[in-house]
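Work through two short exercises on how strands and helices fit together. Keep the structure in view as you go.

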Amino acid sequence: MSKKLAASLPSARQPAAALSCAQCDLRPLELFQALEPAELELVQSLKRRDMMLAAGKALIQEGQVDAPLYTLQRGWAFRFKTLSDGRRQILNFLLAGDFIGVQQKMGDAAPHGVETLTDSVFCVFQRDSLWEIHRRSPSMGFNVTWLTAHEESLVDDTLLSVGRRSAEERIATLLILLYKRAAALQQDAATKGVPFPLTQQHVADALGLSLVHTNKTLRKLEKRGLHHLEDGRLFMRDVKALARLADLYGDGRPPIRPLV
């Protein structure tokens, strides 16, 4: 995000100048499927506004009723659930292009919260947009289903890590998956690394580790020359070794995907 835009972000929500869907910076990326003109027109007609939200702010509150739908246009966020004593489980991390809020049933309370990791920009859609998408374009309805299923698969990876992987395997998996997802959003093939706005507490909350164990494991993997973290950026030093440690299914690269 540019310094000018970041400086304009307040501590809470603020409308942003509406961006035409056809002019979205994400659409030319190879990661995203091209939409037919009629599909792009449909998305544009359902979009209500753009919204900027500063880092560390709630996009969706746990238990919120009738929360809008969002596409994350710029920035990072995460979905989470908390227990009554404040303990938090991060379900998955959200990057540009992710469609947010579908898990909430119409009229029901949101089963999880969403918080920004960085200053972020969102496209905002009313909840009844889901009905319109399915009614007016079966292909776009399938796209929404695909995105929801894909996000579920990311949560499955988190569950596998928390349930069966060792601390080293958990962190290796997280690093590779986030690195590959972030790299797919860049034009430079991640030659200068990728943004990594997570704190060690975020990593711990996502992987079910203590903060101390997280710190020790990250330092251990870095000393082995597998990765490097510097100034909020993640650099890969030995991707193959890290992938072997993670025991990933596939190479971790995100599939070509729809963009709502």
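**Exercise 1.** In this predicted model, find the order of the open sheet of 3 strands and the helix that packs on the sheet.

*Solution.*
Step 1. Read the order across the sheet: 10-12-11, with antiparallel pairing.
Step 2. Find the edges. They are strand 10 (194–195) and strand 11 (227–230), and each pairs on one side only.
Step 3. Look at one pair. Strand 11 and strand 12 (residues 233–236) run antiparallel and share 4 bridges. In this pairing, His227 stands opposite Met236 in strand 12.
Step 4. Add the helix. Helix 5 (residues 167–183) packs on the sheet and touches strand 10, strand 11 and strand 12. The direction of helix 5 makes about 105° with that of strand 12.

**Exercise 2.** Take the open sheet of 4 strands. Why is one side of strand 3 and of strand 6 left without a neighbour in the sheet?

*Solution.*
Step 1. Write down the order: 3-8-5-6, with antiparallel pairing.
Step 2. Go to the edges. Strand 3 (58–60) and strand 6 (88–94) stand there, each with a single partner strand, so one side of each has no neighbour in the sheet.
Step 3. Check the turn. Neighbouring strands of this sheet are turned by 35° against each other on average, direction ignored.
Step 4. Inspect one edge. Strand 3 pairs with strand 8 (residues 113–116) in the antiparallel sense over 2 bridges. Ala58 stands opposite Glu115 in strand 8.
Step 5. Place the helix. Helix 4 (residues 138–164) packs on the sheet, touching strand 5 (77–82) and strand 6. Its direction makes about 135° with that of strand 6.

Methods
Residues are numbered from 1 along each chain as its sequence is written. This is a predicted model: local features need pLDDT of at least 70, side-chain atom pairs count only at pLDDT 80 or more; totals for chains, interfaces and linings use all residues. Side-chain values use heavy atoms; hydrogens and water are left out. Two strands pair if DSSP finds at least two bridges between them. Contact means heavy atoms within 4.5 Å. Axes are lines fitted to C-alpha atoms, for helices over the stretch in contact, and angles run from 0 to 180 degrees between N-to-C directions.
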